[in-house]
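Here are a few exercises to work through with the model open beside you. Try each task before reading its solution.

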Amino acid sequence: MNGNWYYFGGFNTVAPLDKNRWFYFFNFTDWSYSHNVDYLCLNNQSNSIRNTVHTVTLKEALRLDFRKDKLFLGLRGNFYWTHATGKNISTINTFDYSYGLNWNWQLPAEFGLSGDLMMYSRRGLETNQLNTDEFLCNLHLSKSILKGNLVFMLDGFDIFNQLSNIRYSINAQGQTESYYNVVQRYAMLRAIYKFHREPKKRN
């Protein structure tokens, strides 16, 4: 349909915070504005009418990383705001945000321990069913042998069984519910073998 257009922009920053470069700060910012045009049929009208919706979105992602020797720690914070207005729709103000940390620690005897702890939240939707908090906890334990060429890894995904298989999204045209067939909380043992083969030298 004629009349749809879209603007967007963003910037990012990466900077060390100390002279030893153990701490790094990351910032990612995105902004967009969309002008959406479609046809809308109201309950008390028999004909469709032209409907225009203006949508502004703001995304902000912050990271603070620490890396020293065999230890890595990362703090994460993400924010996503949607503001939609139109003559024939209710004003929409939704907020999606998440925060948490991840880590990777190389232990003695070629063991490794890594994981994620994240909280995912949604706010501003009309029903409490959609305004959710989901806490994600993943853990990974690994053991390397054969000079690191063979790695055994035990994964624990969504240990507290908090993630939902339903995703909600709202845009200028309406609300969408998506259902996914997924394996939720699980544990898995993996084996990874790395091999290197150099090409034969030609005479």
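**Exercise 1.** Work out how many bridges join strand β5 to β6, and in which direction the two run.

*Solution.* Start with the extents: β5 covers residues 92-107 and β6 covers residues 111-123. Strands here are DSSP runs (E, at least two residues), numbered from the N terminus, and two of them pair if DSSP finds at least two bridges between them. For β5 and β6 the count is 13, and they run antiparallel. Next, look at the connection: the two strands form a hairpin with three residues between them, and A109 in the turn has a positive phi of about 60 degrees.

A note on what you are looking at: this is a predicted model, in which local features need pLDDT of at least 70, side-chain atom pairs count only at pLDDT 80 or more, and totals for chains, interfaces and linings use all residues. Residues are numbered from 1 along each chain as its sequence is written, and side-chain values use heavy atoms, with hydrogens and water left out.

**Exercise 2.** Follow M119 of β6 across to its partners: which residues stand opposite M119, and which is its bridge partner in β7?

*Solution.* First, Y99 stands opposite M119. Then turn to β7 (residues 133-145), which is antiparallel to β6 and joined to it by eleven bridges. There, F135 is the bridge partner of M119. Along this pairing you also find D116 opposite N138.

**Exercise 3.** Place these strands in the sheet and explain why β1 and β11 have a side without a neighbour.

*Solution.* The order is β1-β2-β3-β4-β5-β6-β7-β8-β11, an open sheet of nine strands with antiparallel pairing. Because β1 (5-16) and β11 (186-193) stand at the edges, each has a single partner strand and one side left without a neighbour in the sheet.

**Exercise 4.** Is D65 buried or exposed, and what does D65 touch?

*Solution.* Begin in strand β3 (residues 49-68), where D65 sits. Its relative accessible area is 7%, so D65 is buried (under 20%; exposed is over 50%, partly exposed in between, with a 1.4 Å probe and protein chains only). Contact means heavy atoms within 4.5 Å; leaving out residues up to four places away in sequence, D65 touches W22, F23, Y24, F26, F72, L73, G74 and R76.

**Exercise 5.** Compare two loop residues, R21 and D69, by phi and accessibility.

*Solution.* Most residues other than glycine have a negative phi. R21, between β1 and β2, has a positive phi near 60 degrees, and at 49% it is partly exposed. D69, between β3 and β4, has a positive phi near 55 degrees, and at 69% it is exposed.

Conventions
Helices (H or I, at least four residues) and strands (E, at least two) are DSSP runs, numbered from the N terminus.
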